[in-house]
Amino acid sequence: MSERKRVFSGIQPTGEPHLGNYLGAVRNWVDRQDEHDSFFCIVDLHAMTLPWSPDELRERSVATGALLLACGIDPDRSTLFIQSHVAEHTELAWILSCVARMGELRRMVQFKEKSKGETESVGAGILTYPVLQAADVLLYQAHGVPVGEDQRQHIELMRDLGTRFNKALGRTFVIPEPWIATEGAKILALDDPGEKMSKSSTRPGSFISVSDPPEVVAKKLRSAVTDSGREVTVGEDKPALTNLLTIYSILEGTPVAELVERFAGGGYAPFKQALAECVVEHLRPIRERYLELKADPVELDRLLGHGAKRAADVAEATMIEVRRRAGLGPRP
Ligand code: ATP
Ligand code: MG
C-alpha cells in the first residue's frame, strides 16, 4: 500500500458537475484508484470565494459526493471527504499565506478572470484561494494532482510554496506534479467556444451536467454553436466542432479522424443527434446511481464521515511536522 504514489484532487460544490469536470478530471480519478493512494475532496471552503447560499452549500457538497460515487469513486479504495471536515486545511493555508507573496497571487489568471477588473472590491478569498488549494494538496504529501488544464498555474504556485517552505525550514512537503490528461483537459462551453465549460456559469446551455436527463442533453447539444461551414471536421478555425468531436471521441473511445470520416457529407444535424445518443448512453448509469445515492442521505453522511476520519489522520501527521518546523511546537 505505502509503495503506491499518492494523488489528491478536488472539486467545488458550486453547481452540478459537468462533462468537462468528468472528462478532464473525475474520469482520470476513477481510473487511477487501484494504482494510487487517492484522496478526493469536495472543496466546500473554495465555494465560499464567490457569494454563496448557506442553505445550498451543505446540500450541494453532499450531492457532489453522491455524484463522485456514481461516477465510480469507490470509498473503500479512495478517501472521499468534505474539505471543511478536516480543519488542518485552513490551518496550513494560513501558514502558507505567510510564505506566499502578493505579486505571485495577483499574477494568477483565475484571479484576474474572477475579479473581472474589480480587484479592490472583490472578496479577498478570490486572491488567496490558490493558497488554500496549495494547503489542500501539500497536507496529503501528494505526488500527483489530476486536474484540467485551467489548474496548471495553481499547481505551479503550490510547487513554489512547498519548495520555499522546504528550503527555509527543512524538507517537509512532497512537491506535487500536475497530471493533466492529453485529451479532454479543456472542454469548452457549448454556447461559446471562447470559454471553458464551467459549473458556476449562469448560462445552463453552456454545459451538460452529468446528471442532466436525456431530453435536456439532446436539447443542449442541438443548440450547441457550430463553426462556419457545413462539414463535421476539426481544426484551429473549428473550435466548436473540435470540442464536440473531442467529447464524442473520448466517450466512445473512437479516434477523432474516424468520427470525421463517419459523419462526412451529412451536415451538422445527424452528427449532433448521434453525439446526443452517445452522451446519454454514457451518462445513463451514472445518473441512475446518482439518484439512488441521493435518496439515502444517512448512508452518504456515513461514507463522507468515514473519509474525513481517514483524511484527518494523514493531515494531522503532516501538521505535527509543519508546526514543529515553523516553531509553533507541539500542542498541549
Ligand atoms: P467553477 O466554475 O465553480 O470554478 P468548474 O467547472 O471550473 O467550476 P471546479 O470544481 O473548479 O469546476 O474544478 C474541478 C476539476 O474539473 C478541476 O480539476 C478542473 O481543472 C476540472 N475542470 C473544470 N472545468 C473543466 C473543463 N471545462 N474541462 C476540463 N476540465 C475541467
Ligand atoms: Mg473552476
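## Salt bridges

At 40% relative accessibility, arginine 152 counts as partly exposed, since that class lies between buried (under 20% relative accessible area) and exposed (over 50%), with a 1.4 Å probe and protein chains only. In this predicted model, arginine 152 forms a salt bridge with glutamate 149, with 2.8 Å between the closest N and O atoms; the term denotes a side-chain nitrogen of Lys or Arg within 4 Å of a carboxyl oxygen of Asp or Glu. Glutamate 149 is also partly exposed, at 30%. Salt bridges with shared partners join Glu91, Glu316, Arg323 and Arg331 into one network. By this rule, the count of salt bridges comes to 20.

Two further salt bridges involve helix H2 (residues 54–71). Within that helix, arginine 60 and glutamate 56 are four residues apart, about one turn, and their side chains meet at 3.6 Å, N to O. Both are partly exposed, arginine 60 at 34% and glutamate 56 at 37%. Aspartate 301 forms a salt bridge with arginine 58, the closest N and O atoms being 2.9 Å apart. This pair links distant parts of the chain, with aspartate 301 in helix H12 (residues 297–326) and arginine 58 in helix H2, 243 residues apart. Aspartate 301 is partly exposed at 37%, as is arginine 58 at 44%.

## Aromatic pairs

The structure holds eight aromatic pairs, counted where ring centres of Phe, Tyr and Trp (its six-membered ring) lie within 6.5 Å; planes under 30 degrees apart are stacked, over 60 edge-to-face, and the rest tilted. The rings of phenylalanine 81 and tyrosine 140 have centres 5.7 Å apart and planes at 55 degrees, so this pair is tilted. Phenylalanine 81 lies in strand S3 (residues 78–82) and tyrosine 140 in the loop between helix H6 (125–138) and strand S4 (144–147), so that the pair links parts of the chain 59 residues apart.

Both phenylalanine 81 and tyrosine 140 are buried. Together with Phe8 and Phe39, they form one aromatic cluster.

## Nonpolar cores

A nonpolar core is a set of buried Ala, Val, Leu, Ile, Met, Phe, Trp, Tyr and Cys residues joined through side-chain atoms within 4.5 Å. The largest has 56 residues, of which Leu221, Phe271 and Val279 touch the most other members. Helix H11 (residues 268–294) gives the most to this core, with 12 residues.

Leaving aside neighbours within four places in sequence, valine 279 is in contact (heavy atoms within 4.5 Å) with Leu19, Val217, Leu221, Ile247 and Leu251. Apart from the largest core lies another, of 42 residues, among them Phe8, Leu105, Ile126 and Phe165.

## Overall fold

The chain has 12 helices and seven strands, which are DSSP runs numbered from the N terminus (helices H or I, at least four residues; strands E, at least two). Its radius of gyration over C-alpha atoms is 21 Å, which agrees with the value near 20 Å for a compact globule of 332 residues; the globule rule is 2.2 Å times the number of residues to the power 0.38. Of the 332 residues, 51% count as buried.

## Conventions

Residues are numbered from 1 along each chain as its sequence is written, and chains are lettered from A and ligands numbered from 1 in the order in which they are written. Local features need pLDDT of at least 70 and side-chain atom pairs pLDDT 80 or more, whereas totals for chains, interfaces and linings use all residues; side-chain values use heavy atoms, without hydrogens and water.
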